[in-house]
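User: Please take a close look at one part of this model, the sheet and what surrounds it. Set out how the pieces are arranged, and keep to what can be read from the structure.

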Amino acid sequence: MRCRFCFATFSEPGQHPYDHLALPESLAVLRKLADAGGVEKITFAGGEPTLCPWLPTLTREAKALGFVTMLVTNGSRLDSCEWLFDDDRPLDWLTISIDSTDDEVNLRVGRATSSRTLGLDKIVE
């Protein structure tokens, strides 16, 4: 999606949501935050975090380090996130960002892929 309001623009050539930090560096950030103390909650957001192939590992590590874990998603890929419902429950909070249920509005603001919006039925599902 190319939501006009999103702060995660990935405007540099070849840049994708998971190009910024590899898994080892991402885990190191979590561990440094835990070691520093004072951080209670980690929110995974920005662009679409479920595009990150190591998000399940990050949420589990954050949970193991004692953080409350939260995910902010547009919900478009939740069907492929079975790990959210595993017995270890790596996620405490799930926030689904819904800007509109109107397809025309979603197209106008860029909340669509290949000119297709999620549609109200998919959002509810």
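Analyst: Asp121 sits in helix α4, which covers residues 119–124. The model is a predicted one, and the values below are computed from it. The relative accessibility of Asp121 is 68%, and because exposed means over 50%, Asp121 counts as exposed. Thr101 lies 20 residues away from Asp121 along the chain, and the C-alpha atoms of the two are 9.3 Å apart.

The sheet itself is open and consists of 3 strands, in the order β1-β2-β3, with parallel pairing. Strands β1 (41–44) and β3 (93–96) are the edge strands; each has a single partner strand, so one side of each has no neighbour in the sheet. From one strand to the next, the twist averages 15°.

The pairing can be followed strand by strand. Between β1 and β2 there are 4 bridges, and the two strands run parallel. Thr43 has Met70 in β2 as its bridge partner. On the other side of the order, β2 (residues 68–73) is joined to β3 by 4 bridges, again with the strands running parallel. Met70 appears here too, standing opposite Trp93 in β3. Met70 can thus be used to trace a path across the sheet: Thr43 is its bridge partner, and Trp93 stands opposite it in β3.

The two faces of β1 are not alike in cover. Ile42 and Phe44 make up the covered face, while Lys41 and Thr43 make up the uncovered one. Thr43 therefore belongs to the uncovered face of β1 while also being bridged to Met70 in β2.

Next comes the helix that lies on these strands. Helix α2, residues 55–64, lies across β1 and β2 and runs at about 170° to β1. Angles are taken between N-to-C directions on a scale from 0 to 180 degrees, so a value of about 170° means that α2 and β1 point in nearly opposite directions. Together, β1, α2 and β2 make a β-α-β unit, and the unit is right-handed.

Last, the cysteines. Buried means under 20% relative accessible area. Cys52, at 17% relative accessibility, therefore counts as buried. Cys81, at 3%, is likewise counted as buried. A disulfide is a covalent bond that links the sulfur atoms of two cysteines. A search of the whole structure finds 0 disulfides.

Terms used. Residues are numbered from 1 along each chain as its sequence is written. This is a predicted model: local features need pLDDT of at least 70, side-chain atom pairs count only at pLDDT 80 or more; totals for chains, interfaces and linings use all residues. Side-chain values use heavy atoms; hydrogens and water are left out. Two strands pair if DSSP finds at least two bridges between them. Contact means heavy atoms within 4.5 Å. Buried means under 20% relative accessible area, exposed over 50%, partly exposed in between (1.4 Å probe, protein chains only). A crossover is right-handed if, with the strands pointing away from the viewer, the path from the first strand over the helix to the second runs clockwise. A disulfide is a pair of cysteine sulfur atoms within 2.5 Å.
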